[in-house]
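User: I'm new to this structure and would like to understand the reasoning behind its descriptions. Could you walk me through it?

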Amino acid sequence: MWPSSWAALLLLCLTHITLGRPSAPSKMQRRDDSDRKVFAHYMVGLTSGQTASKWALDISEAQTASIDGFALNCGPADSWTYDQLTLAYAAASEAGFLLFISFDFAAGDWDVSSVAGTISTYKDSSAQWTQDGRPVVSTFEGPSWVDNWTTVRGQVDGGIWLIPDWSSLGAAGVGNVQGSIDGAFNWESWPLAGQTSKNTDADVGYVNALGSDKKYMMGVSPYFFTDLPAYGKNWYSSSETLWYDRWMQVFDIMPDFIQIISWNDFGESHYISDIEDSQIVSGAEWYVQNHPHAAFRLTLPYFIAAYKAGTKDITPPTGDVAIAWYKTVAVGDRAAGGAVWGQGGTEPAYSGASDVVSVLAITGSSGVVALQLGDTKHSVDVAGPVAFFTAGMPAGGGQVILSLNGEPAEGPAIGTALSSSDSVDFNSVVISVP
Ligand SMILES: *[C@@H]1O[C@H](CO)[C@@H](O)[C@H](O)[C@H]1NC(C)=O
């Protein structure tokens, strides 16, 4: 299946290439590097009826990816929350994995006594992530609760260690209420409307706004596409370079903690877990099923090891790896479906999407990463440890074969151009070698 003579292959259609090491770290580096941790955001709201063994499997897969724990997103109204939290904490204790609860204030109203009661129920588990001897607690939004958290602190025996996501306040707004918190989590992990790539403006803003005794948790995400009319959500955030860019930004910022968004939020296409059909919210099936993202995880042990060592110099701890992500149909200039470019954006999503295959390789020494896209062959010499490039999709679609040092992996073919009436699938598949 794979041609043997690579010597004559031409480097064509490369729209962007970055080889070698990320730029030097900025002055933004946080001081304390002793306790860095990496978590993934887990939607408990999707786990109705989930078994203990599924929790154990998720935890085992996360540990293989060097993830330390899950931030368990819970809404106030799901009848299964406490059953599932109990299963999760038991499985995590067994596995030596960390957990903390992230109260979702966008999902409904919480009351103080149930928040304090929920924290108290699980805080003494060996799986509970603690800081300064107190159970860590987070949120998705809910900044109007700032005074109620003072009450919660008083109701939980021993207090809590609060690191909310109040991104709607912005960095300066969070800085203004830092007397009420122990740290801040910044949800903003994607390019904004009208931006093709993510920058660190918000991260730098948080680090500057927070006092030296407050911790910063940085959001890192691989992707964003959602098309859920029932939830009023239909946008694509430019994700062609995001997984690479954001990890390089981690090395610039060196945050105290990282939260990967997400483990299993399939409806927003930022999952890195294996696809679990029962967790796909109704209406998202067409852009989630057959769109595996698990290969994003293969790069994590390398990035996380470097982050924890406080260095941008990635040392591959095991074998070489290459991943590629791409949309399975050229989007072109099709506005069908009504998706916009970025959250709250007004321009059509295709304006922020490029029809490329994105390749990220982590190698211990020099090697060759090759891509066959339809009839076009690309070959890139990589020097290690990190190489990233994008290559244009073939105009008429065609097969996709990624290879690393001659070892091939074939992914789903890229389809031909859309008709104007087609739904526009902006989610990607992710393939890997090995
Ligand atoms: C604070 O908690 C009380 C008691 O649970 C609740 O009634 C109130 O709505 C909360 N405040 C806000 C701003 O949500």
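Analyst: Happy to help; what follows goes through helices, unusual backbone spots, the ligand and the domains of a predicted model.

User: How do you know that the length of helix H2 agrees with what is expected?

Analyst: Helix H2 covers residues 81-95, which is 15 residues. At 1.5 Å a residue the expected span is 21 Å, and the end C-alpha atoms are 21 Å apart, so the two agree.

User: Which residues of H2 are buried, and what makes them count as buried?

Analyst: They are Gln 84, Leu 85, Ala 88, Tyr 89, Ala 91 and Ala 92. These buried residues take up an arc of only 170° around the axis, which means that they sit on the same side of H2. The label "buried" asks for 20 or more other C-beta atoms within 10 Å of a residue's own. The cover over the buried residues of H2 includes helix H1 (52-64), strand S3 (69-74), strand S4 (98-104) and helix H3 (112-122).

User: How do you know that the buried residues of H1 line one face?

Analyst: In H1 the buried residues are Trp 55, Asp 58, Ile 59 and Ala 62. Looking down the axis of H1, they fall within an arc of 95°, so they line one face of the helix. There is a simple background to this: an α-helix has 3.6 residues a turn, so residues three or four places apart point the same way. The face of H1 turned away from the buried side carries exposed residues, namely Ser 53, Ser 60 and Thr 64. Strand S2 (37-43), S3 and H2 are among what covers the buried residues of H1.

User: Why is Ser 66 called partly exposed, while Met 254 is called buried?

Analyst: Ser 66 has 17 C-beta neighbours inside 10 Å, so Ser 66 counts as partly exposed. Being buried takes 20 or more, and being exposed takes 12 or fewer. Met 254 has 21 other C-beta atoms within 10 Å, and therefore Met 254 is buried.

User: What makes the phi values of these two residues worth a mention?

Analyst: Each is a positive value in a residue other than glycine: phi is near 70° for Ser 66 and near 45° for Met 254. Ser 66 lies in the loop between H1 and S3, and Met 254 in the loop between H7 and S12. A glycine with positive phi is found here too: Gly 96, which follows H2, has phi near 70°.

User: Where are the cis peptide bonds?

Analyst: One joins Ile 261 and Ser 262, with omega about 10°. Ser 262 is in the loop between strand S12 (257-260) and H8. A cis peptide bond also joins Gly 384 and Pro 385, with omega about 0°. Pro 385 is placed in the loop between strand S17 (376-382) and strand S18 (386-392).

User: Which residues surround the ligand, and how do they divide by class?

Analyst: Asp 111, Val 112, Ser 144, Trp 145 and Asn 148 surround the ligand. This shell has two nonpolar, two polar and one charged residue.

User: What are the two domains, and how many residues does each give to the contact?

Analyst: The domain assignment gives domain 1 (28-309) and domain 2 (317-433). Their contact takes 32 residues from domain 1 and 32 residues from domain 2. On the side of domain 1 that touches domain 2, there are 19 nonpolar, eleven polar and two charged residues. The centres of the domains, taken over C-alpha atoms, are 27 Å apart.

Note on methods
Residues are numbered from 1 along each chain as its sequence is written. This is a predicted model: local features need pLDDT of at least 70, side-chain atom pairs count only at pLDDT 80 or more; totals for chains, interfaces and linings use all residues. Helices (H or I, at least four residues) and strands (E, at least two) are DSSP runs, numbered from the N terminus. The expected span of a helix is 1.5 Å times one less than its number of residues. The arc is that of the directions from the helix axis to the C-beta atoms. Two residues are in contact if their C-beta atoms, placed from the backbone, lie within 7 Å. A residue is near a molecule or strand if its C-beta atom, placed from the backbone, lies within 6 Å of it. Ala, Val, Leu, Ile, Met, Phe, Trp, Tyr, Cys and Pro count as nonpolar, Asp, Glu, Lys and Arg as charged, and the others, Gly among them, as polar. Domain bounds come from an automatic or database domain assignment.
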